[in-house]
Amino acid sequence: MLSGDNYIEWKEKVLLTLRCSDLDLALRVDEPHIPTESSTPAAKANYERRERSNRLSLMLIKAHISQSIRGSIPNNDKVKAYIKAIDDQFVSSDKALASTLMKRLSSMTFDRSRTVREHIMEMRDIAAKIKSLEVDMPEPFLVHFILNSLPAEYGPFKISYNTHNDKWSINF
């Protein structure tokens, strides 16, 4: 469900669903001319397939957008135009996204709701997203964030790691 802060993941999942359901024809193929009585049966069938794809794609997309957001997106009866409107609404600058990810990374703490490894892997995933936005994040900063996210009971580990003279990295 598109809730506002999950646009990129939402779009990937919706497009994957449309592709796997073979409903992405309206996104892949330009709209053909409306068939006339003199059009070939193949042209009429192609038009109908694309129209069906358009209708079902719009239904699926709208069903996965929260009501509060759906009202702010200009309605359109063409799926390509509707996705463009959603893109315009939610595409934010890389700077803002990087800032949000950095804030999330720096404020994360290990809450025991999962394993330490899973916690660290989530932090590494966020760091990878930051790097994909072409923001330089040296490995020592990530290590620093990870170590600081661990509770006091990991103090001996932190001391051991900080006094170790090898390269700053955490390998899994």
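**Helix contacts, salt bridges and ring pairs**

Arg112 counts as partly exposed, at 47% relative accessibility (buried is under 20% relative accessible area, exposed is over 50%, and partly exposed lies in between, with a 1.4 Å probe and protein chains only). The structure is a predicted model in which local features need pLDDT of at least 70 and side-chain atom pairs count only at pLDDT 80 or more, while totals for chains, interfaces and linings use all residues. Residues are numbered from 1 along each chain as its sequence is written, and side-chain values use heavy atoms, with hydrogens and water left out.

Arg112 sits in the loop between helix 6 and helix 7 (helices are DSSP runs of H or I with at least four residues, strands are runs of E with at least two, and both are numbered from the N terminus). Although Arg112 is not a glycine, its phi is positive, at about 65°. Arg112 is also one end of a salt bridge, with Glu153 as its partner, and the closest N and O atoms of the two are 2.2 Å apart (a salt bridge needs a side-chain nitrogen of Lys or Arg within 4 Å of a carboxyl oxygen of Asp or Glu). This pair ties together distant parts of the chain, 41 residues apart: Arg112 belongs to the loop between helix 6 (94-107) and helix 7 (116-132), and Glu153 to the loop between helix 8 (139-149) and helix 9 (155-163). Glu153 is classed as exposed because its relative accessibility is 53%.

How many salt bridges does a search of the whole structure find? The search returns 11. Another of them joins Lys84 to Asp88, with the closest N and O atoms 3.0 Å apart. Both residues belong to helix 5 (residues 79-90), where they are four residues apart and therefore separated by about one helical turn. Lys84 is partly exposed, with a relative accessible area of 48%, whereas Asp88 is exposed, at 53%.

The salt bridge between Lys129 and Asp125 has its closest N and O atoms 3.7 Å apart. Here too the partners share a helix: Lys129 and Asp125 lie in helix 7, four residues apart, or about one turn of the helix. Lys129 counts as partly exposed at 30% relative accessibility, and Asp125 counts as partly exposed at 40%. Asp125 and Lys129 are joined with Glu9 into one network by salt bridges that share partners.

The packing of helices comes next. Two packed helices are described by the angle between their axes and the distance between the axes. Helix 1 (residues 7-20) packs with helix 3 (residues 41-63) at an angle of about 145°, and their axes are 11 Å apart (axes are lines fitted to C-alpha atoms over the stretch in contact, with angles from 0 to 180 degrees between N-to-C directions). Helix 1 contributes Trp10, Val14, Thr17 and Leu18 to the contact, and helix 3 contributes Ser57, Leu60 and Ile61 (contact means heavy atoms within 4.5 Å).

Ser66 lies in the loop between helix 3 and helix 4 (67-70). Is Ser66 buried or exposed? With a relative accessible area of 18%, Ser66 is buried. Its contacts, leaving aside neighbours within four places in sequence, are Met1, Leu2 and Ser3.

A second loop residue, Asp22, is found between helix 1 and helix 2 (25-28). Its phi is near 55°, a positive value in a residue other than glycine. Asp22 is exposed, with a relative accessible area of 57%.

Aromatic rings form three pairs (rings of Phe, Tyr and Trp, the last by its six-membered ring, pair if their centres lie within 6.5 Å, and planes under 30 degrees apart are stacked, over 60 edge-to-face, the rest tilted). For Phe157 and Tyr161 the ring centres are 6.3 Å apart and the planes are at 40°, so this pair is tilted. The two residues are four residues apart in helix 9 and are therefore separated by about one helical turn. Phe157 is partly exposed at 41% relative accessibility, while Tyr161 is buried at 18%.

Val143, in helix 8, is classed as buried because its relative accessibility is 1%. Along the chain, Val143 and Glu31 are 112 residues apart, and their C-alpha atoms are separated by 51 Å.
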